[in-house]
Amino acid sequence: MPAPEPRVRFPTREAVDFVIVGSGASGGVLARELATAGFDVVVLEQGPYRTAADFGHDELKTFLNGEMSQHPGWADPQTFRESADQDATVPGGGGPPPAMYARTVGGASVHFSGNYWRMRPLDFKERSLLGPMSGTGFADWPISYGELEPYYTRAEWELGVSGAPGPFDPPRSKPYPLPPMPVKSSGALLERGARELGLHAQPAPVAILSKPYRGRPACVHCGFCMGFGCEMNAKSSTLASVLPEAEATGRCEIRPLSTVYHVDVNDKGRVDQVRYYDAEGVEQAQKARAVILAANGAETPRLLLMSASTAFPDGLANTSGLVGKYLMGNGHSVSHAIFPEPVNDWKSIQVTRIIHDFYETDPQRGHYGGGGIDARPLINATPVMHALTLSGGAVPRWGREFRREVDFGFGHHVGVLGSTTSVPLERNNITLDPVLKDAKGRPAIRMTYRDHDDDLAMMKFLQDRGVEIMQAAGATKTWREPVVPQNFHAHLLGTCRMGDDPSTSVVDAGHRSHDVPNLFICDGSSLVSSGRGQPTLTIQALAFRASELIAEAARKNEI
Amino acid sequence: MSKRSSRRTFLAGSGHLAGAGWLALHGGAIMAAARSAAAAADLDEPWVNISATDAARLGAVADQVYPPLDGAPGAEAIGAVRFMDAAFGGFMAGPLPMVLAGLDDLDQRSGADDFLSLGFDDRTAVLKQVEATPFFGIVHMLTLCGVFALPSYGGNRDQQGWKAIGFESRHVWQPPFGAYDASA
């Protein structure tokens, strides 16, 4: 199935209603909602238009070559540093870039693992519940869980989510549309260990179809899931779900291989066009009544900072100075276990059981934070990555003992992941690298990040619990990855935070820029707090809600 | 998406992916390498980008990384060097001189003999001296790729790499997936 022929092509020199920058988790939802509401929409996506037929089981292309994460047209490097007093450098030695996302139609929703947690009421008002944290940007959201709940439900039902309620779940207005995915041995072992310790495992909610749904087939458990596009369209990416519906309206044009480099402001202080490089690398500009940035928590602030002008010398929509600040990535800690009988965690999806007993901040732990625990193969789900990364303590990582571990471990390994809160800190941010540029002269994304000590403590806490759970489940061997400050992030959150006060936030509760009335921002950058991991559902619920508010404003001619 | 805990974790296994990593590989080049590798996968085919001696030395190193075990073939017999030969004509062309120099260095470290004339344990002792070098890091990575990547890349002959770890290339699976599924 090749990329569909566009049903509509809009001229660039006539203003469409909306240009949406990015076709991923939020951009895809916004495109479908606004197109079905009757508006003309152009979606600019820097990646190519891959479809299910383009996805396969090739680890070299997917992981070692980073096929979906690299820019399709030219090198677009990123730099990283832990603190502002260091020189940021391009990380050496291969591996993913500091800000990890997919450049493809559907964005990171194409290659994500599908974990699909709701936030809870407390996530929206934890600052009020716990009090201030000095030196941080710890803050309440301007909206509540109750306001977002209908849109969580819409996301689950319209994208396709499999799950079952757990004992700590927030209130929901509708059950899950699909039953949970079949439990894997890793999930069963997590549940067994949890039961031994008085904890509560529950089926993992995932944006993957356990049954046929809305014209799409159920998952066939091929195992090439995290990092891969789904060959079945069973993963509920925006590519598989809402983008085809957006295009079917005849009012939405997805323009792949279109790399935006500037959002222009006219002399009335309104955005009026978006400039981009097309598939041939030629400069183009699309006029629009309003612009929505949905490019992710790294690319969105980069674009705003690149769009500095006389009217906005510090970057577009940045009079608060907070564009790019308060980057949150969620903390992650990993442990591993080996079991005597075959687990075969390389089959099917990553996660089938989760534990949310430690979701809330517990003052007795001595630090802020909460999180969740799940069992999964991690990057040991596929043969090459398993052999390259298995870290079971065999030193050196070659020779007969190493081979024994690789051979036995593939079928008998369970990874345990702890996912945690991230304290919002101004020092953690996305800025423009002052030196490094891409081949087109765009400043590189520079990430500055060091986990808050409480985040590291929470990561360690969950790792300890994970090891205990695996031991209680009968693991014959366990080991831990070091808990160290993280230097790359796939969750790119908080960099254009939402708020009522224009001096402490970038967008208002309706995702409208405080500074520019017809500029909207809706993606991971909008989040005020990080949740406990797995932010995609919240990003998409926000996109459903934002679409409604933006459409209403457009109908009233208030954009 | 992915929850790899850190780049450090990501790379912990392979040590040195320097020059062989994320951005150094290019899809088109990989596919070209795969085609030539598949064509040369037969054991009797001549080597394309390396000499027969280099192939033998690389095979000896590969068998140190992923040795024959309990009657199962090691990396060389599984075709890891065929994978490398193709890679050196494509996306690994850059590091080839460094790899060849590393092989010469192994000979120098092998005393009066050359590396190939040593027994298995003596080869191990020599490689321990260089296991932190980019040379070893690259050959280590290429060995494991050659054992476990899709057979279309020239290695993983008869899917023997996959058989060794119990992986089966099938598109569709059904529960139960493992021995513990029913214990939930």
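This report describes a six-stranded sheet in chain A, the helical chain B, and the contact between the two chains. The model is predicted.

**The sheet of chain A**

Six strands of chain A form an open sheet with antiparallel pairing, in the order β4-β10-β11-β12-β9-β15. The edges are held by β4 (201-203) and β15 (477-480) of chain A, each of which has a single partner strand, so one side of each is left without a neighbour in the sheet. From one strand to the next, the twist averages 25°.

Three of the strand pairs in this sheet are set out below, each with one pair of opposed residues.

| Strand pair | Sense | Bridges | Opposed residues |
|---|---|---|---|
| β4(A) and β10(A) | antiparallel | three | A:Gln202 and A:Ile354 |
| β9(A) and β12(A) | antiparallel | eight | A:Ser333 and A:Gly418 |
| β9(A) and β15(A) | antiparallel | four | A:Ser335 and A:Arg480 |

At one edge, the partner of β4(A) is β10(A), which covers residues 353-355. Here A:Gln202 faces A:Ile354 of β10(A). At the other end of the strand order, β9(A) stands between β12(A) and β15(A). Eight bridges connect β9(A) with β12(A), and A:Ser333 lies opposite A:Gly418 in that pairing. Towards β15(A), β9(A) makes four bridges, and A:Ser335 has A:Arg480 as its bridge partner. The strand β9(A) is mostly covered, with seven of its eight residues buried. In a regular strand, side chains alternate between the two faces of the sheet.

**Chain B**

Chain B contains nine helices and zero strands; its pattern along the sequence is accordingly α-α-α-α-α-α-α-α-α. Of its 184 residues, 50% are buried. Among the contacts in chain B with a separation of 6 or more, 72% are between residues 24 or more positions apart.

**The contact between the chains**

Chain A gives 73 residues to the contact and chain B gives 60 residues. On the side of chain A that touches chain B, the elements that give two or more residues include the helices α2 (59-64), α3 (108-111), α6 (185-196), α9 (383-389) and α10 (400-412), together with the strands β9 (331-338) and β12 (413-420). The largest share of this side, seven residues, comes from α10(A). By residue class, the side of chain A that touches chain B divides into 33 nonpolar, 25 polar and 15 charged residues.

The strands β9(A) and β12(A) thus appear in both parts of this description: they pair with each other in the antiparallel sense, and each gives two or more residues to the side of chain A that touches chain B.

Notes:
Residues are numbered from 1 along each chain as its sequence is written. Chains are lettered from A and ligands numbered from 1 in the order in which they are written. This is a predicted model: local features need pLDDT of at least 70, side-chain atom pairs count only at pLDDT 80 or more; totals for chains, interfaces and linings use all residues. Two strands pair if DSSP finds at least two bridges between them. Axes are lines fitted to C-alpha atoms, for helices over the stretch in contact, and angles run from 0 to 180 degrees between N-to-C directions. A residue is buried if 20 or more other C-beta atoms lie within 10 Å of its own, exposed if 12 or fewer, and partly exposed in between; C-beta atoms are placed from the backbone. Two residues are in contact if their C-beta atoms, placed from the backbone, lie within 7 Å. Ala, Val, Leu, Ile, Met, Phe, Trp, Tyr, Cys and Pro count as nonpolar, Asp, Glu, Lys and Arg as charged, and the others, Gly among them, as polar.
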